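Thanks for passing this one along. Here are my notes for your next look at it.

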Protein chains: 2
Amino acid sequence: MIEGPVRMDQDIGAKPSRVATVMTTIRQRIAARNLTPGAKLPSVRALAASLKVSTSTVVDAYERLVAEGIILSRPGSGFYVASQAAPFTLAEVGPRLDREIDPFWISRQSLEADDEGLKPGCGWLPPSWLPEESLRRGMRALSRTDGAVLAGYGSPLGFPPLRQLVARRMAEHGIEALPNQIVLTESGIQAIDLLCRFLLEPGDTVLVDDPCYFNFHALLKAHRAKVVGVPYTPSGPDMAVFAQVLTEHRPRLYVTNSGIHNPTGAVLSPVVAHRVLKLAEAHDLTIIEDDIFADFEHAAAPRLAAYDGLDRVIHIGSFSKTLSASARCGFIAVRPDWIGGLTDLKIATSFGGGRLAAQLVFNVLSEGSYRKYLEALRARLARAMAEVSAQLKDLGITPWLEPQAGMFLWCQLPDGVDAADMARFALERGIVLAPGNAFSLSQTATGFMRFNVAQTLAPPIFDVLREALKQSARQP
Amino acid sequence: MIEGPVRMDQDIGAKPSRVATVMTTIRQRIAARNLTPGAKLPSVRALAASLKVSTSTVVDAYERLVAEGIILSRPGSGFYVASQAAPFTLAEVGPRLDREIDPFWISRQSLEADDEGLKPGCGWLPPSWLPEESLRRGMRALSRTDGAVLAGYGSPLGFPPLRQLVARRMAEHGIEALPNQIVLTESGIQAIDLLCRFLLEPGDTVLVDDPCYFNFHALLKAHRAKVVGVPYTPSGPDMAVFAQVLTEHRPRLYVTNSGIHNPTGAVLSPVVAHRVLKLAEAHDLTIIEDDIFADFEHAAAPRLAAYDGLDRVIHIGSFSKTLSASARCGFIAVRPDWIGGLTDLKIATSFGGGRLAAQLVFNVLSEGSYRKYLEALRARLARAMAEVSAQLKDLGITPWLEPQAGMFLWCQLPDGVDAADMARFALERGIVLAPGNAFSLSQTATGFMRFNVAQTLAPPIFDVLREALKQSARQP
């Protein structure tokens, strides 16, 4: 994976191309061993004369080479080739074909893939689908803002106007929360992590949906929790099993996606939401409702937090899915008496939080154009959903349900096809898939695959899927 | 605490002041209950005519009010006052005078204080001392960069050019590490947190210096570690106690600051560094060396990681102290065979990490001007150190040692003066101090106070200190 450094030449003021030329000259002399480690570089004046550039150009070039660690400055003496000057080569992190299909499989493969790689299995939109121009405007506004915003720590709960805005957005989904009940975090997953620290003792039992977002498994493992799964139906968790598990295992916590469920695309029905809460109350169960897909919805589905009023339900969200995954910012909305303890934990583990990211997110969200962008995005996703769904059906890959919204299509593969085999086959051809068992605690999703419709539009993906299915038919 | 939202008016393109005027008009009508919740707003055309502005100005204003949750849009019908439109008031978080002087005391008071508040006890430089212009340039460069950088997740280890640059900087301190041994994190404290997750089981014993950075206590408590302190001397930990504690408590981990020790300003002597490592080897102790103050040094002090070669020493750092605390970015340098496990934990708890922050840090660090800025900063700190030290001595407040570099001055108060009493006295007058026992596991630093010289230059601070000492003399 190569991420290019951002060139700052435009901002240097003085003659970027000449500075670059001087830098290249020195690098070449070092590479050719005309200048060996420890050797003194030509004086600024001498080099300027020999290269016919100004002394300020040479000074600029030398300083940049110092910043890069290629040369050293010894005040009063001059510049010297650093002893560690051999350039480090970036080891390419290729796909790891040998890795077990564990909870990290999809994360690793997706994150390690090139920005332009094909990854129908990944959990985010292509960056080009995100509000790039708003982000650019937001960054420019930030570049002109107060120095404390650029350089200082944030306040413990996080940027107040963003907490206020989050409270208003939640109100649109029927969830009442005051800004003081909202703590900003560095991401949605960090929100859940913080809550697990706050609520769990090692060995506590936690309920998850089966299937559920694979990273819940990884995170709960890190907390040494005992994890129990409840099958997910098109209207929410299977209530018979849910009731039974509460009695048998006395879980402390239930971690679930609502709004749009990951990976299934299902939404809670009001009756299931109500029953979940009644059972939670009877068994003193706390619920973390992860609502990071909220902005994909055409119409708001039932939220546990809306029914419960943030009593035993904790609502979390982030802006990674529809705004930016690069500017890390999430939030927790929680009962007021838990705010103090959570904030102490936040300080202990991440101190002031990401002030810059919160400001950027606020800038984008408070622009009127964000709403327009979301409308266009939902329409675009709906089109992609229809198109990918149709093409998958042609291959005999059948959606488990037709999601009302969002980017995920949870699909059943043709009889006898193993999703893990298929994922390995595709990875060898540079395509990252999301095999079902990465989401399944019971490992009963061997025949399922999650597709991100926004990332499944490229024709080569279907060619490889077709090949994989053929291959599978040959090896029954 | 009020942090003002960044105004984006400059970027809207169309008539910012008119849009703002329309927004204010609507807000006032809602506040005056001329428009009640659920009421339909004037049509765009009608309002444009009555306010003598263009329809696009009204559309813009309405969209911004929708983004703020003040009004709702019903497609095909018009705009309506939201039912939740009552504006939330920001509750001011004032100083909590009743709060115990626990490990969070200083963090909370410092983070909650206004950007302009007086806080000689806080652990960072005033933002105006940081490289504001480079940060602005870096932000502008980012606003022009690739969309994937603005919106996409980072790679698991983090932005490769920054890891390369960190490796080069470490090499200047004699620490050899390949970029592939470096994992970027979201901060220095998150680096330590991740390592604690990786290395500790609940109940494990961890060594810290006494005194040490107070947040180590908080973080280790979050990990349910048993913490044992070793007195710190001007040349490092007290070796007799260190040896004894290793035998008695068999700690898994030792967490320490090197470079410049927090809060004492001491540096490791080579002989102590060597002995610490010999004992660590004999007792199979892992060491986390927190080097976040490295850039303050005039000359590099001994580093445990340099002697050890990243075998049993893990080196961590961040850019919060000399570059920006708002753009969160830290790093871990560790033996290669631990990278895989650490990265899995990083994914589980924070997923892709902060790509935008890493890019911004890289932009600033790779500018030649960063080195010049550091030189000026060190000189400025040295002057502040001399000045504050002299003024404190005049009050009978005596530095424990004269630090070679950095921002901290660890001081002994006049006989019988209790640092916690003094801190409470100062806080009532709006000044945040750092009382000794917040740093001391054994609570034996009652008569000590840490001063951040960059934050102790304002004359009112000395007036309050003088008053506090008088008050204390009256109540023996």
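The points below cover the model, the two copies, their interface and the domains.

1. This is a predicted model, where local features need pLDDT of at least 70, side-chain atom pairs count only at pLDDT 80 or more, and totals for chains, interfaces and linings use all residues. Residues are numbered from 1 along each chain as its sequence is written, chains are lettered from A in the order in which they are written, and side-chain values use heavy atoms, leaving out hydrogens and water.

2. A turn of 180° with a shift of 0.1 Å along the axis lays chain A on chain B at an RMSD of 0.1 Å (least squares on C-alpha atoms of residues with pLDDT of at least 70 in both). That is the relation of a two-fold axis.

3. The contact (heavy atoms within 4.5 Å) takes 119 residues from chain A and 118 residues from chain B. Of the interface residues of chain A, 99% are also interface residues in chain B, so the copies meet through the same surface.

4. Between them, chain A and chain B bury about 10600 Å², with 58% of it on carbon and sulfur atoms. Buried area here is the accessible area (1.4 Å probe) that two parts lose on being put together, summed over both.

5. There are 8 salt bridges between chain A and chain B (a side-chain nitrogen of Lys or Arg within 4 Å of a carboxyl oxygen of Asp or Glu). R224(B) and E201(A) form a salt bridge through their side chains, at 3.2 Å, N to O.

6. Chain A is assigned domain 1 (9–81), domain 2 (105–122 + 371–474) and domain 3 (132–365), with bounds from an automatic or database domain assignment. The C-alpha centres of domain 1 and domain 2 of chain A are 51 Å apart.
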